[in-house]
Amino acid sequence: MLLQSYRLDIFNSECNPGAMTEMCHAHLDQDVGDVLPFLNAWEHRYDIEPSHEGLPRPKVIHILKLLPKTNCRECGEPTCMVFAARAAEGAKGADDCPALEAGSKKKLSDYLSGFRLA
Ligand code: SF4
């Protein structure tokens with residue numbers, strides 16, 4: 001769930017105290033900016049087939065297979081497995097493993113480019 005919590009300020013308009021309407025400001029505690037491009041589709045919501053599947057994620061084991069598996073720590077991670085897990089999250093990329101030879105670096109880069117990672 002993108003929105004975890006929010007705070008509402010409900011108040012009367014100071015410039016029109018006798019108005020029969022209330023003002024309301026919602027202060028969101030999380031950044032919902034990623035959703036904004038999709039709001040234009042809201043009026044078509046009954047025509048759109050919802051998808052209940054998450055985005056495909058890179059497989060840690062596939063990434064690990066492409067790494068040297070020497071646990072040399074040159075990347076700043078304690079093991080290649082940790083590096084692979086961080087790469088699957090989008091926190092590391094092929095350029096972050098200085099021990100990767102060119103062919104494996106390209107394979108890893110190509111593999112990771114097939115996913116939308118943070
Ligand atoms: S630099 Fe590469 S080979 Fe060394 S620990 Fe990190 S991921 Fe493994």
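How many nonpolar, polar and charged residues does the shell around the ligand have? By class, nine are nonpolar, two are polar and three are charged. The structure shown here is a predicted model.

**Around the ligand**

The ligand is surrounded by 14 residues. Five of them come nearest: Cys72, Cys75, Cys80, Phe83 and Cys97.

**Fold and domains**

The protein chain holds three helices and two strands. Read from the N terminus, the order is β-β-α-α-α. The strands thus lead, and the helices follow.

The protein chain is also split into two parts: domain 1 covers 6-44, and domain 2 covers 60-112. Their centres, taken over C-alpha atoms, are separated by 44 Å.

**Overall form**

How spread out is the protein chain? Its radius of gyration is 23 Å, while the globule rule gives 13 Å for 118 residues. The first value is well over the second, so the protein chain is more spread out than a compact globule. Along the principal axes, the C-alpha atoms fill a box of roughly 75 × 35 × 20 Å.

| Property of the protein chain | Value |
|---|---|
| Radius of gyration | 23 Å |
| Globule rule for 118 residues | 13 Å |
| Box filled by C-alpha atoms | roughly 75 × 35 × 20 Å |
| Distance between centres of domain 1 and domain 2 | 44 Å |

**Burial and contacts**

What share of the 118 residues is buried? Buried residues make up 13% of the protein chain. Now take the contacts with a separation of 6 or more: residues 24 or more positions apart account for 46% of them.

Notes: Residues numbered from 1 in each chain as written. Predicted model: local features only at pLDDT ≥ 70, side-chain atom pairs only at ≥ 80, totals over all residues. Domains from an automatic or database assignment. Near = placed C-beta within 6 Å. Nonpolar A, V, L, I, M, F, W, Y, C, P; charged D, E, K, R; others polar. Helix = DSSP H or I, 4+ residues; strand = E, 2+ residues; numbered from the N terminus. Rg over C-alpha atoms; globule rule 2.2 N^0.38 Å. Buried ≥ 20, exposed ≤ 12 C-beta atoms within 10 Å, placed from the backbone. Contact = placed C-beta atoms within 7 Å.
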